[in-house]
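I opened the model today to look up how two parts of one chain meet, and then to follow the strands on one side of that meeting place.

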Amino acid sequence: MDDLYRDYILDHYKHPRNFGELEPHDLEALEHNPLCGDELAVQIRVQDGRIEDLRFQGHGCAISQAAASIASEELKGMALAEVGELGADWMIELLGIPVSATRRKCALLNLKVVRGAVTGDHAWPA
Amino acid sequence: MPPVAEKNVFEGSPSGALAGVRSDFPIFARKFGGSDSRPPSPLIYLDSAATTQKPRVVIDALAEHLRDHNANVHRGVYELAQEADAAFEGARARIAAFAGARRQVTIFTKNTTEAINLVAYSWGRANVGPGDAVLITQMEHHANIVPWQVLCRERGAILRYLDVDEQGELSLDALDAELARGDVRLVAFAHVSNVLGTINPVAEMLARARAAGARTLIDGAQAIPHMAVEVDALDADFYAWSGHKALGPTGIGVLHGRRELLEEMPPFLTGGDMIASVDFQSATWNELPYKFEAGTPPVAEAVGLGAAVAYLQALGMERVREHERTLTAYMLERLAEVPGLRVVGPASAERRGGLASFTIDGIHPHDVAELVARAGVCIRAGHHCAQPLMRCLGVGATARASVGVYNDRADVDALVDALLAGREVFGL
């Protein structure tokens, strides 16, 4: 089996969960990966201080699209305060594949855009 | 600098190789990767448009200079300093002759980007004003876009773009129409596109711009190392290129300029070496080319680049071009075998430099590059510092394979095999 392009990664890439538009939404953000020009946007609906629902939109490689898809399932229902605390390790562990230094930003773009929407912090997750 | 022997190169060899060239590049003796499931692989380098590998003569010239001839230039009276001067100015003369330009108008910069910035800051700020236009093309590298954006914003000028058509070509009629508007002060364009590979009709474009009274700048980063270029004969006002894409070291680029313009232009960077004399409140400028070379220049890098152009000259630039043209034709032919693969830019290798950018349905270019890297094949993926062009092509990114003097058909075969295997990984 392929180390990186595992079946579940390719499944999320080809059939991304929670992609599209979300109306109405309370929060949104758009981020770019300057390395490759890929972009990813998110729209989030909030209820009682938690992410009630969210949708991603954009284009990117298998790693960035699968990461967004996998993260979206975990982020639903999460408290906004908790989202602000999420770091790079959370995403890399969730993805479950060895991510090389050059592909790290691919994996983290979705967390960057979600944190940007929720906290206004547009730094790359550390 | 060690003399470079005339190479015995066999034309039209079945392997598509320039005979004996690969063994001149020590890096090809290295093995890469290797794991339980995969043996280590030799370097299959198809990323020469990003930077070329270095022949032994360049590595040796750099090391020899630093070991035996190192001193600062233009100042010392001792023997070692005179050796350094001779090496540096000898390299300049060799590099100027290689590009068909005169020594006094061959200015060393850091790279092509700095050469273009030099023109934008020095010539641009003195000659482009409110209502003037700078004309570039949709196929430019960011290095030939952003300096003009900044200049135009600062000076109240307008930045306009020549369209790229479906075949990845510029239209001379469109250029005529733009020039007829009467406001174009400068036309700046790539000799060869780093994404499309298009070889632009440089002589025709320059003639039209000249007739309209516009100044011209050519970004020659993808042209100089791959074909014979005679800068003087082209008669562009400015011609910029990079050493590291021409088998030389990083940290050195070249700007050739028209003498009368360079004489009039104010300095770009100021400081040591570029002055004639300095008073408490003012200074006067050194003669060309030193007026544009503030501070200690890249001495060892110049020596290395001098060795690189001597190596290229020994190969013969006509042969280099013929080698890359036939290899690119082979690459286009083989890439067509990959289902879902689309090449951007001119269909014919005659119209192309040694590169092909492409997309594959169902696999993002980054994944394409990652998949072939496992087979030891080095290609580039991304926007190639040409985001406006990516927008015109309607893609976010492409994968790009580019060839150099050391490549042969086996490298292209390895790429195609890796692409076919990559499609299987993705279940295509």
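Before counting, I noted that two residues are in contact if their C-beta atoms, placed from the backbone, lie within 7 Å. I also kept in mind that this is a predicted model.

**Domains.** I looked up the division of chain B and found domain 1 (22-42 + 317-423) and domain 2 (59-313), with 28 Å between their centres, taken over C-alpha atoms. Counting across the boundary, I found 25 residues of domain 1 of chain B in contact with 26 residues of domain 2 of chain B.

**The domain 1 side.** I then asked which elements give two or more residues to the side of domain 1 of chain B that touches domain 2 of chain B. They are α10 (317-335), β14 (355-360), α12 (387-393) and β17 (398-402) of chain B, and α10(B) gives the most, with five residues. Sorting the residues of this side by character, I listed 13 nonpolar, six polar and six charged.

**The sheet.** Since β14 and β17 of chain B had come up, I traced their strand order and found an open sheet of four strands, β13-β14-β17-β16 (chain B), with antiparallel pairing. At the edges are β13 (341-344) and β16 (380-382) of chain B, each of which pairs on one side only, and neighbouring strands are turned by 30 degrees against each other on average, direction ignored.

**One pair, and the helix.** I checked β13(B) and β14(B), which run antiparallel and are joined by four bridges; B:V344 stands opposite B:S357 in β14(B). Last, I noted that α10(B) lies across β13, β14 and β17 of chain B, running at about 10 degrees to β14(B).

How values were computed
Residues numbered from 1 in each chain as written. Chains lettered and ligands numbered in written order. Predicted model: local features only at pLDDT ≥ 70, side-chain atom pairs only at ≥ 80, totals over all residues. Domains from an automatic or database assignment. Nonpolar A, V, L, I, M, F, W, Y, C, P; charged D, E, K, R; others polar. Pairing = 2+ DSSP bridges. Axes fitted to C-alpha atoms, helices over the stretch in contact; angles between N-to-C directions.
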